[in-house]
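Work through the exercises below with the sequence and the model at hand, and try each task before reading its solution.

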Amino acid sequence: MSWDRAGTGEPLLLLHGIGSTHDDFAALRPRLDARYQVLAPDLPGHGRSAPLDRRPTVAAIADAIEADLDDMGAGPVHVLGNSLGGRVALELAVRGRARSVVALSPSGANLPVERLYQGTALAVARSVLRAVRPLVPAAGRWAVGRSVLLAGLRTAPWRAGEAEVAGLDGGFAGASQFWSMLWWGVLTDLPRGLERIDCPVILAQGTLDVIASGQTPRFLFAVPGARFVPLFGAGHAPQSDAPGAILQLVHRAVAAALPATHPGAAPDG
């Protein structure tokens, strides 16, 4: 897998959703890099990461991430994940590999009719962006282009930067393992073992999320001690819709996982 790493401090793993790359977190990176040791991969078959040689289920994706973390000498990490990345974050927590989790609109708790809708929406995005891929880089330079390309994922897509559009180019438009990951990692995924999670978990979802419906709060019934926070006015991938609120959630989750005397336990004001 391809990794982008920066910063020092508590290790923080960033996991993007299907159809994007690590660039999806570009709006958060300057402040995260300044405070944490940030580890940001492209998921298998996305961006610069090679596809898996087996079915890209949530478990298989988590296996690949764990193997790379082992190679880096990293132990348990704090995790910020969005959509499929949020679901993988919870899987890592089940395995005891997460110190804390902030899951933004995690997949896996939707009803059959919601899965059909979500799968259709993601498939349409893939098909459209694949067709217009040659135009994507140029469109990303303009606010109107970013608004068109990121509509449905963000409620204020004009606030996004070119890097976030680059994530679409390496994801929805170019991901080599998109269709199999959509099927095995999203549409047929049924979370198991969530009751074994024993680290702080914060679940969050944009109130204007038109992709994931109302599935995020359902994880409250399965994850012990989890908390739910609505992100008012934000969309499905809210990184540039509500960056300040997301940063505070990360600081809060990290602080909850650390001893009160640890220098990183005090949240930002």
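A residue counts as buried when its relative accessible area is under 20%, as exposed when the value is over 50%, and as partly exposed in between. The model used in these exercises is predicted.

**Exercise 1.** Determine whether phenylalanine 178 is buried or exposed, and classify tryptophan 179 by the same scale.

*Solution.* Phenylalanine 178 has a relative accessible area of 0%, and because buried means under 20%, this residue is buried. Tryptophan 179 has a relative accessibility of 45%, so it counts as partly exposed.

**Exercise 2.** Find how many aromatic pairs the model holds, and describe the geometry of each.

*Solution.* The count comes to 2 aromatic pairs. In one of them, phenylalanine 172 and phenylalanine 178 lie 5.6 Å apart, centre to centre, with 50° between the planes, and this pair is tilted. Phenylalanine 178 also pairs with tryptophan 179, at 5.2 Å centre to centre and with 85° between the planes, which is an edge-to-face arrangement. As a final step, the pairs can be joined: Phe172, Phe178 and Trp179 form one aromatic cluster, in which both phenylalanine 172 and phenylalanine 178 are buried.

**Exercise 3.** Establish how many cavities of 30 Å³ or more are present, and characterise the lining of the largest cavity.

*Solution.* The count gives 1 cavity of 30 Å³ or more, and the largest cavity holds about 110 Å³ of space. Its lining comprises 14 residues, with Gly17, Ile18, Asn82, Leu153 and His236 lying nearest the centre. Sorted by class, the lining of the largest cavity has 6 nonpolar, 6 polar and 2 charged residues.

Notes
Residues are numbered from 1 along each chain as its sequence is written. This is a predicted model: local features need pLDDT of at least 70, side-chain atom pairs count only at pLDDT 80 or more; totals for chains, interfaces and linings use all residues. Side-chain values use heavy atoms; hydrogens and water are left out. On a 1 Å grid over the protein atoms alone, a cavity is a set of points where a 1.4 Å probe fits but cannot get out, and a pocket is an open set with protein on both sides within 12 Å along at least five of seven lines; lining residues have an atom within 4 Å of a point. Grid points are joined across faces, edges and corners, and a volume is the space filled by probe spheres set on the points. Ala, Val, Leu, Ile, Met, Phe, Trp, Tyr, Cys and Pro count as nonpolar, Asp, Glu, Lys and Arg as charged, and the others, Gly among them, as polar. Rings of Phe, Tyr and Trp (its six-membered ring) pair if their centres lie within 6.5 Å; planes under 30 degrees apart count as stacked, over 60 as edge-to-face and the rest as tilted. Buried means under 20% relative accessible area, exposed over 50%, partly exposed in between (1.4 Å probe, protein chains only).
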